[in-house]
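Thank you for making time for this today. Please have the sequence and the model open side by side, and I will walk through them slowly.

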Amino acid sequence: WLKTSSHEVYQCKNLILKMPQTRNQLRALEQTSSETFSKYFSSKTSRLNEEKVSLSVKNNESKSIFKETEQTLTKTVTKSTFEENVTINKSSKKPLSNWEEVYQRIKDYRKTSIAPVDDMGCAKLAEKPGTNITPQTSRFQSLVALMLSSQTKDQVTAEAIQNLRQKLPGGLTLQSVLQVDEKFLDQCISKVGFHNKKAKYIKSAAEICQETYGGDIPNTVEGLVKLPGVGPKMAYLCMHTAWKQNEGIGVDVHVHKIVNRLGWCKTEKKGPENTRQALESWLPRELWQEINPMLVGFGQTVCITNMPKCANCPVNDKYSFRETVLYSIPLAEIEALTQDVKNNAKVEIMIIMIIMVQQRLQEIRK
């Protein structure tokens, strides 16, 4: 939002002058907007009803034709006009025309932007097979790291893995996990989110791996998701890191959020698993493995959930979230910025305008 012109500053000033000055004016504005939306959507609804009647007539003429048409429909309009309820046509594999350019820009940016996932991500936490570390142990460590990472920052996950290596007898191995009780495991990982459940899951997973897989971890996605505490995201990432197999895209909150912001998917309200299926329908398979760490790091440093740093974004000329971010910036942070921009009158004026808008909104709400 700092990239603004004098014309935009003028528009912002006019916005302040046109803002409602009293509660009654604000309520009148809200009522007018509500009525406008109601008229708009009621007209849309009536048009849809007319189309439904037309379809019904055609149905009476030929039921077979209607059934074929019904199977090809990809959109379903519901009573909730504001909620997206679109059935994705899985046969469609048409991404945005500019996705390759955007992807490459983000990829190039990540080469010079270090994020926590680059040093402390799950793929970096397992010890490499060697003299003292067997391939089975390395794979088990990858699985444990992924199980701990759920709803936990990479730094905390890395610390928990280090605690397990130091405190478990013989280091972090399947056998050492089997030797200790659940309470001891819980103490070692006490800083991760939902550590009580995860200690139970890790203990149970170790027992299953020992009894069913001969001391190794499952080598398929289907086998991995049957382990307690392991979901699809962990399973696909485990196949990448532990088995070096590219079976699917690991979609976590960062990937889910960013690909929807970029418009690559329309699955924001449907969850990560729908996002994975939508991405895999058109994204080249050779990119399935690298897209997770690339977008996770991008989400950790730039495309942050509640406070995206759009000024640093390598694709901010194509995507802008200034409107959604503008009024969420705390006043204290905006006022602090004015101390650093005394020599830039353009930026300082814009900041002052934002402060005035926010203050006026707060007054009206009170």
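Of the 366 residues in the protein chain, 39% are buried, and I should say at once that we are looking at a predicted model. The secondary structure of this chain comes to 19 helices and 0 strands, so please look for helices and the loops that join them as we go. As for how the chain meets itself, among the contacts with a separation of 6 or more, 63% are between residues that lie 24 or more positions apart.

Let me turn to the interior. In soluble globular proteins, nonpolar side chains tend to be buried together. Here, the largest nonpolar core has 39 residues, and within that core Leu148 and Leu164 have the most contacts. Which elements give two or more residues to this core? They are α6, at residues 122-125, then α7, α8, α9 at 174-179, α10, α11, α12 at 221-225 and α13 at 232-241. The largest share comes from α7, which supplies 7 residues.

If you find Leu164 on your screen, and set aside residues up to four places away in sequence, you will see that Leu164 touches Val144, Leu148, Gly171, Leu172, Leu185, Cys188 and Ile189. Apart from this core lies another one, of 30 residues, and among its members are Val255, Val259, Leu283 and Cys313.

Next, I would like to stay with α7 and ask how this helix packs against two other helices. Take α8 to begin with: the axes of α7 and α8 are 9 Å apart, and the two helices pack at an angle of about 135°. That angle makes α7 oblique to α8, and the crossing in which α7 passes α8 is right-handed. On the α7 side the contact is made by Gln141, Val144, Ala145, Leu148 and Ser149, while α8 brings Thr157, Ala160, Ile161, Leu164 and Arg165. Sorted by character, the residues of this contact of α7 with α8 are 6 nonpolar, 3 polar and 1 charged.

Now take α13. The axes of α7 and α13 come within 10 Å and cross at roughly 150°, and because angles over 145 degrees count as roughly antiparallel, α7 is roughly antiparallel to α13. Here too, α7 passes its partner α13 in a right-handed crossing. The residues that make the contact are Ser142, Leu143, Leu146, Met147 and Ser149 of α7, together with Lys233, Met234, Leu237, Cys238 and Thr241 of α13. The contact of α7 with α13 divides into 6 nonpolar residues, 3 polar ones and 1 charged.

One further residue of helix α7 deserves a look, and that is Thr137. Is Thr137 buried or exposed? With a relative accessible area of 14%, Thr137 is buried, and, leaving aside neighbours within four places in sequence, Thr137 is in contact with Leu172 and Thr173.

Further along the chain we reach helix α15, residues 272-280, whose buried residues are Thr275, Arg276, Ala278, Leu279 and Glu280. These buried residues of α15 pack against α13, α14 at 253-261 and α16.

Let me also show you some loop residues. Val302 sits in the loop between α16, at 291-301, and α17, at 322-326, and with a relative accessible area of 2%, Val302 is buried. Leaving aside neighbours within four places in sequence, Val302 is in contact with Tyr109, Met307, Pro308, Lys309, Asn312 and Cys313. The C-alpha atoms of Val302 and Cys313 are separated by 6.4 Å, although the two residues are 11 residues apart along the chain.

Finally, a word on backbone angles. Most residues other than glycine have a negative phi. Gln151, however, has a phi near 55°, which is a positive value in a residue other than glycine. Gln151 is found in the loop between α7, at 135-149, and α8, at 154-167, and at 63% relative accessibility this residue counts as exposed. Where is Phe194 placed? Phe194 is in the loop between α10, at 182-188, and α11, at 195-212. The phi of Phe194 is also near 55°, again a positive value in a residue other than glycine, and Phe194 is exposed, with a relative accessible area of 51%.

Notes:
Residues numbered from 1 in each chain as written. Predicted model: local features only at pLDDT ≥ 70, side-chain atom pairs only at ≥ 80, totals over all residues. Heavy atoms only, no water. Helix = DSSP H or I, 4+ residues; strand = E, 2+ residues; numbered from the N terminus. Buried < 20%, exposed > 50% of the residue type's maximum accessible area, 1.4 Å probe, protein only. Core = buried A, V, L, I, M, F, W, Y, C linked by side-chain atoms within 4.5 Å. Contact = heavy atoms within 4.5 Å. Axes fitted to C-alpha atoms, helices over the stretch in contact; angles between N-to-C directions. Parallel < 35°, antiparallel > 145°, perpendicular 65-115°, else oblique. Left-handed = near helix turned anticlockwise from the far one by under 90°. Nonpolar A, V, L, I, M, F, W, Y, C, P; charged D, E, K, R; others polar.
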